Amino acid sequence: MNMLSLVSDQAANDESVETTFFEAHGSHGTCCSRAASILEHGFRVGDGGRRGVGAYLWHAAEQGCQYATQLAESWFAAAEKRGEYSDEADKGCAVLWGYVKAPDEEVLNLESPEFRVTLRRALDGLWPTINAQDVDEREDLICAVHQMLINRTEETEGIPVGVVLATVQQPPKMPDQLAGYVGAPFAVIVRNLDYLAITKN
């Protein structure tokens with residue numbers, strides 16, 4: 001796994017400057033054919049997602065975490081029901097695991113109060129246009145708004161956003177008695193794939 005150093009040569013020799021890293025595990029549910037492709041070629045980040053572009057993983061306490069496994073399997077079941085794997089050769093369920101390590105300064109938490117306020121303002125101004133679209137187009141536009149705000153953050157801070165943390169809606173019909181008390185699950189959305197190592201159970 002290639003780790004990008006954002007510390008200058010001068011700073012690297014300064015013992016008072018220390019790069020700290022965000023580290024996390026995550027699960028990803030998909031069909032066996034796509035899992036094999038991901039293991040061989042890696043994720044593609046060109047596809048959208050509600051919270052912006054990137055490789056989406058369910059945040060896990062550790063690899064093999066039961067809750068993250070259930071999220072991945074339930075996501076696969078919902079996608080299968082929508083017919084997303086109808087053209088795949090092996091439609092069975094596969095759960096991939098990712099280990100993410102990125103410089104702390106490149107991690108953007110979309111659940112911060114500041115980002116939520118900015119997102120609400122952006123969506124509120126565009127909502128008549130967004131709400132007039134069909135479901136797929138609406139999702140694409142919401143993804144585009146997230147992308148715009150993430151890109152603006154990069155420009156303002158002068159630092160790339162390699163990893164995004166965000167809550168996402170859990171898969172439909174997933175049994176979880178604690179969801180109403182704990183809140184929506186977190187996704188680790190990896191934009192810089194050099195920060196992601198993928199394995200399979």
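Here is a short chat between a biologist and a modeller about a predicted model.

Biologist: Let's start with helix α3: which strands do its buried residues pack against?

Modeller: Helix α3 covers residues 66–81 and reaches 22 Å from its first C-alpha to its last, close to the expected 22 Å. Its buried residues are A68, T69, L71, A72, S74, F76, A78 and A79. The strands they pack against are β1 (21–31), β2 (55–60) and β3 (93–103).

Biologist: How are the rings of W58 and W75 arranged?

Modeller: A search of the whole structure turns up two aromatic pairs. In the W58 and W75 pair, the ring centres are 6.3 Å apart and the planes sit at 65 degrees. W58 is in strand β2 and W75 in helix α3, 17 residues apart. Planes over 60 degrees apart count as edge-to-face, so this pair is edge-to-face.

Biologist: Is W75 buried, partly exposed or exposed?

Modeller: Its partner W58 has 8% relative accessibility, so W58 counts as buried. Buried means under 20% and exposed over 50%. W75 comes out at 35%, so it counts as partly exposed.

Biologist: And F76 with Y85, what kind of aromatic pair do they form?

Modeller: Both F76 and Y85 are buried. Their rings lie 5.3 Å centre to centre, with 15 degrees between the planes. Planes under 30 degrees apart count as stacked, so the F76 and Y85 pair is stacked.

Biologist: On to charges: how far apart in sequence are the parts that E139 and R50 tie together?

Modeller: The structure holds six salt bridges, and one of them joins E139 to R50, with the closest N and O atoms 2.5 Å apart. E139 belongs to helix α5 (residues 135–157), while R50 is in the loop between α2 (32–41) and β2, so the parts they tie together are separated by 89 residues.

Biologist: E111 and R51 also meet in a salt bridge; which residue is linked with them in a network?

Modeller: The E111 and R51 bridge has an N to O distance of 2.3 Å. E111 sits in the loop between β4 (107–109) and α4 (113–131), and R51 in the loop between α2 and β2. E111 is buried at 15% relative accessible area, and R51 is buried at 10%. The residue linked with them in a network of salt bridges is R116.

Biologist: Last one: what accessible area do L178, Y181 and V182 have together?

Modeller: Y181 is placed in helix α6 (residues 179–182). At 74% relative accessibility, Y181 counts as exposed. L178, Y181 and V182 form a nonpolar surface patch, and their accessible area together is about 420 Å².

Notes. Residues are numbered from 1 along each chain as its sequence is written. This is a predicted model: local features need pLDDT of at least 70, side-chain atom pairs count only at pLDDT 80 or more; totals for chains, interfaces and linings use all residues. Side-chain values use heavy atoms; hydrogens and water are left out. Helices (H or I, at least four residues) and strands (E, at least two) are DSSP runs, numbered from the N terminus. The expected span of a helix is 1.5 Å times one less than its number of residues. Buried means under 20% relative accessible area, exposed over 50%, partly exposed in between (1.4 Å probe, protein chains only). Contact means heavy atoms within 4.5 Å. Patches are made of residues with over 30% relative accessible area and no salt bridge: like charges are joined within 9 Å, nonpolar side chains (Val, Leu, Ile, Met, Phe, Trp, Tyr) within 5 Å. Accessible areas come from the Shrake-Rupley method with a 1.4 Å probe; for residues, only the protein chains shown count as cover. A salt bridge is a side-chain nitrogen of Lys or Arg within 4 Å of a carboxyl oxygen of Asp or Glu. Rings of Phe, Tyr and Trp (its six-membered ring) pair if their centres lie within 6.5 Å; planes under 30 degrees apart count as stacked, over 60 as edge-to-face and the rest as tilted.
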